[in-house]
Amino acid sequence: MISAQTIEAFWTAVKHVKPLAVGLNCSLGPDLMRPFLAELADKSETFISCYPNAGLPNPLSPTGLI
């Protein structure tokens, strides 16, 4: 997710490119991501997206990875 960075700092870092959407992904899962997404929605001027559990190993894949 956001390594050593606040949501406000993240938005400040990317807003100059006027993105169509910004998003978060992490291994926290949707319940724990909700406050971060709510803050991003409040601060950003664009659509937001969420990919909970992105990057976690996939035990169903042949390698156990994504």
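Here is a short briefing on the fold, the second helix and a few individual residues of this protein chain. The model is predicted. The protein chain holds two helices and two strands, and from the N terminus on these elements run α-β-α-β. Much of what follows centres on helix α2, which covers residues 30–43.

**Overall picture**

- Of the 66 residues in the protein chain, 21% are buried.
- Among contacts with a separation of 6 or more, 53% are between residues 24 or more positions apart.
- The protein chain has an accessible surface of about 4900 Å², and carbon and sulfur atoms account for 59% of that surface.

**Helix α2: length, bend and packing**

- The 14 residues of α2 should span 20 Å at 1.5 Å a residue, and the C-alpha atoms at its ends are 19 Å apart, so the expected and modelled spans agree.
- Helix α2 nevertheless has a kink of about 30 degrees, and the kink is centred on F36.
- M33, L37 and L40 are buried residues of α2.
- The buried residues of α2 pack against three elements: α1 (7–14), β1 and β2.

**Partly exposed residues of α2 and a nonpolar patch**

- F36, the residue at the centre of the kink, is partly exposed because its relative accessibility is 33%, which lies between the 20% and 50% cut-offs.
- F36 also joins L28 and L32 in a nonpolar surface patch of about 260 Å².
- A38 is another residue of helix α2, and its relative accessible area of 40% is why it counts as partly exposed.
- Along the chain, A38 and I48 are 10 residues apart, while their C-alpha atoms are separated by 9.6 Å.

**The loops on either side of α2**

- G29 sits in the loop that links β1 (21–26) to α2.
- With a relative accessibility of 5%, G29 falls under the 20% cut-off and is therefore buried.
- Leaving aside neighbours within four places in sequence, the contacts of G29 are P52 and N53.
- G29 and P52 are 23 residues apart in sequence, yet their C-alpha atoms are 4.7 Å apart in space.
- At the other end of the helix, S44 is placed in the loop between α2 and β2 (47–52).
- S44 has a relative accessible area of 10%, so this loop residue is buried too.
- Once neighbours within four places in sequence are set aside, S44 is in contact with W11 and V22.

**A loop residue with positive phi**

- K18 belongs to the loop between α1 and β1.
- Although K18 is not a glycine, its phi is positive, at about 50 degrees.
- K18 is exposed because its relative accessible area of 72% is over the 50% cut-off.

**Points to look at in the viewer**

- For the bend in α2, start at F36, where the kink of about 30 degrees is centred.
- For the packing of α2, display M33, L37 and L40, which are buried, together with α1, β1 and β2.
- For the surface, select L28, L32 and F36, which make the nonpolar patch.
- For the loops, compare G29, which is buried, and S44, also buried, with K18, which is exposed.

Methods: Residues are numbered from 1 along each chain as its sequence is written. This is a predicted model: local features need pLDDT of at least 70, side-chain atom pairs count only at pLDDT 80 or more; totals for chains, interfaces and linings use all residues. Side-chain values use heavy atoms; hydrogens and water are left out. Helices (H or I, at least four residues) and strands (E, at least two) are DSSP runs, numbered from the N terminus. Buried means under 20% relative accessible area, exposed over 50%, partly exposed in between (1.4 Å probe, protein chains only). Contact means heavy atoms within 4.5 Å. Patches are made of residues with over 30% relative accessible area and no salt bridge: like charges are joined within 9 Å, nonpolar side chains (Val, Leu, Ile, Met, Phe, Trp, Tyr) within 5 Å. Accessible areas come from the Shrake-Rupley method with a 1.4 Å probe; for residues, only the protein chains shown count as cover. A salt bridge is a side-chain nitrogen of Lys or Arg within 4 Å of a carboxyl oxygen of Asp or Glu. The expected span of a helix is 1.5 Å times one less than its number of residues. The bend at a residue is the angle between axes fitted to the seven residues ending there and the seven starting there.
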